[in-house]
Amino acid sequence: MLVTGGAGYIGASVASACLDAGHTPIILDDLSAGVHAFTSGRQFFAGDVADGAVLAEVFAAHPDIAAVVHCAAQAVVPESVAHPLEYYHSNVAKTVELVEQVARHGCRRVLVSSSAAVYGPAAGPAVSESSPLAPASPYARSKVMVEQVLADAAAAGVLRAIALRYFNPIGADPKLRTGQQAREPGAVLGRLLAAQRGAGPFIIAGTDWPTRDGTGLRDYVHVWDVARAHVRALERFDDVPSRNGFVAVNIGTGAGTTVRELIRAFEAVTGEPLPVREGPRRPGDVAGAYARVDRADRLLHWHAQLSVSDGIRDTLSWRRVRDAVLNGARRGGAGAAKGA
Ligand SMILES: NC(=O)c1ccc[n+]([C@@H]2O[C@H](COP(=O)([O-])OP(=O)(O)OC[C@H]3O[C@@H](n4cnc5c(N)ncnc54)[C@H](O)[C@@H]3O)[C@@H](O)[C@H]2O)c1
């Protein structure tokens with residue numbers, strides 16, 4: 001498997017899950033956001049996904065690559081609002097280049113990272129793959145465009161493609177080989193940790209949302225479950241029914257977690273009460289959504305197995321080993337790094 005972005009958060013987890021399932025991941029990453037330590041002991045090519053010379057090198061060394069898992073992308077929403085052209089270039093134009101090259105080298109299976117962001121903020125509470133697409137940022141629109149590029153290429157017989165629309169990945173590899181590159185987790189887990197450290201109470205932004213307990217809802221899915229979904233999709237690739245060679249599949253837990261439930265899970269994992277204050281809704285916030293996952297079950301024979309508590313526990317465990325892994329003092333993979 002060629003895993004683009006395999007030195008990043010999701011791609012590195014996918015590479016680990018491939019290894020654990022007996023498939024050899026070949027990583028292609030330009031290290032713009034990824035970390036070299038995550039490629040330790042793995043076949044690694046440093047380079048851009050749109051660089052034909054590097055891809056020629058990759059396929060010359062590994063002519064038996066069965067499929068491409070395309071995780072490489074720029075993925076910071078506010079940055080995409082400030083630099084939309086850069087995002088369309090990185091995420092869309094470079095995917096076109098990659099797909100052309102990959103097909104030229106005879107590989108016709110592409111599994112691509114997509115996102116629940118394609119559905120837009122007003123979708124919900126339960127989102128299926130046929131819910132309306134309403135991407136709300138250049139980043140999210142780039143994901144819709146990538147899906148369209150692949151769907152059109154598939155319809156023309158260039159390749160077959162599966163897009164996995166991840167909801168809210170959290171956690172780290174349970175074996176702690178990889179996790180989020182940043183020292184502190186982003187979004188809500190970062191705010192929970194800050195409150196735990198004494199930086200002021202965790203503020204619940206709105207208690208009057210139309211959810212089961214009035215607080216916002218997200219579908220936090222463990223990154224290891226996300227990674228396993230890729231392995232399932234790769235192993236079943238040729239048997240997955242699709243429309244004209246392309247299909248999109250939600251990857252979430254199918255339930256969702258409210259803010260209050262997340263706080264309770266955090267307290268249960270840490271064993272400490274968390275200082276919490278209820279506040280008003282913030283402008284731009286939405287009630288949130290969770291994934292309908294029957295398609296993932298039917299097509300990939302996959303469903304999430306790990307809980308939000310597992311995700312919190314693995315995030316906290318990863319924080320303890322992160323510096324050592326990134327500095328190479330704690331080896332993530334096995335053996336010496338190979339490749340370019
Ligand atoms: N993390 C999430 O919450 C989330 C949610 C939904 C979808 N996704 C999607 O999953 C994928 C992976 O996201 P992530 O969170 O692991 O991000 P990440 O930044 O950790 O990983 C992306 C990797 O791609 C590499 N990369 C970027 N542009 C490249 C290029 N042109 N050539 C080669 N390598 C390149 C980066 O160096 C990095 O290692 C992205 O496509 C993202 O849009 C992520």
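**Exercise 1. Helix H5**

How many residues does helix H5 have, and what distance does it reach from its first C-alpha to its last?

Solution. The model is predicted, so local features need pLDDT of at least 70 and side-chain atom pairs count only at pLDDT 80 or more, while totals for chains, interfaces and linings use all residues. Residues are numbered from 1 along each chain as its sequence is written, and side-chain values use heavy atoms, with hydrogens and water left out.

Step 1. Helices (H or I, at least four residues) and strands (E, at least two) are DSSP runs, numbered from the N terminus. H5 covers residues 138–155, which gives 18 residues.

Step 2. The expected span of a helix is 1.5 Å times one less than its number of residues. For H5 the expected value is 26 Å, and the helix reaches 25 Å, close to it.

Step 3. Buried means under 20% relative accessible area, exposed over 50%, and partly exposed in between (1.4 Å probe, protein chains only). The buried residues of H5 include Tyr139, Val144, Val146 and Leu150, and also Lys143 and Glu147.

Step 4. Contact means heavy atoms within 4.5 Å. The buried residues of H5 pack against helices H3 (77–82) and H4 (84–104) and against strands E5 (109–115), E7 and E12.

Step 5. Just after H5 comes Gly157, with a positive phi of about 85°.

**Exercise 2. Strands E1, E2 and E3**

Determine how E2 pairs with E1 and with E3.

Solution. Step 1. Two strands pair if DSSP finds at least two bridges between them. E1 (residues 2–4) and E2 run parallel and are joined by 3 bridges. Leu2 has Ile26 as its bridge partner in E2.

Step 2. The connection from E1 to E2 passes through helix H1 (residues 9–20), and this β-α-β crossover is right-handed. The term applies if, with the strands pointing away from the viewer, the path from the first strand over the helix to the second runs clockwise.

Step 3. E2 also pairs with E3 (residues 43–46), in the parallel sense and over 4 bridges. Here Asp29 is matched with Ala46 in E3.

Step 4. E2 (residues 26–29) is covered on both faces: Ile26 and Leu28 are buried on one side, Ile27 and Asp29 on the other.

**Exercise 3. Helix H7 and the largest nonpolar core**

Which helix gives the most residues to the largest nonpolar core?

Solution. Step 1. A nonpolar core is a set of buried Ala, Val, Leu, Ile, Met, Phe, Trp, Tyr and Cys residues joined through side-chain atoms within 4.5 Å. The largest one has 33 residues, of which Ile162, Leu164, Val249, Ile251, Leu300 and Trp302 touch the most other members.

Step 2. At least two residues of this core come from each of H1, E7 (160–166), H7, E12 (246–251) and H9 (294–300). H7 gives the most, with 8 residues.

Step 3. H7 (residues 223–236) has 14 residues and reaches 20 Å, close to the 20 Å expected. Of these 14 residues, 11 are buried, including Trp224, Ala229, His230 and Leu234.

Step 4. Leaving aside neighbours within four places in sequence, the contacts of Leu164 include Ala229, His230, Val249, Ile251 and Leu300.

Step 5. In soluble globular proteins, nonpolar side chains tend to be buried together.

**Exercise 4. Cysteines**

Why is there no disulfide between Cys18 and Cys71?

Solution. Step 1. A disulfide is a pair of cysteine sulfur atoms within 2.5 Å. The count by this rule is 0 disulfides.

Step 2. The closest cysteine sulfur to that of Cys18 is in Cys71, and because it is 9.2 Å away, it is too far for a bond.

Step 3. Cys18 is buried at 0% relative accessibility, and Cys71 is buried at 13%.

**Exercise 5. Loop residues**

Is Leu176 buried or exposed, and is Asn244 buried or exposed?

Solution. Step 1. Leu176 lies in the loop between E8 and H6. Its phi is positive, about 60°, although it is not a glycine. Leu176 counts as buried, because its relative accessibility is 11%.

Step 2. Asn244, in the loop between H7 and E12, has a positive phi near 55° and is likewise a residue other than glycine. Asn244 counts as exposed, because its relative accessibility is 57%.

Step 3. Thr178 lies in the loop between E8 (168–170) and H6 (187–196). Thr178 is buried, with a relative accessible area of 1%. Beyond its neighbours within four places in sequence, Thr178 is in contact with Ala12, Ser13, Phe38, Ala172, Asp173 and Trp318.
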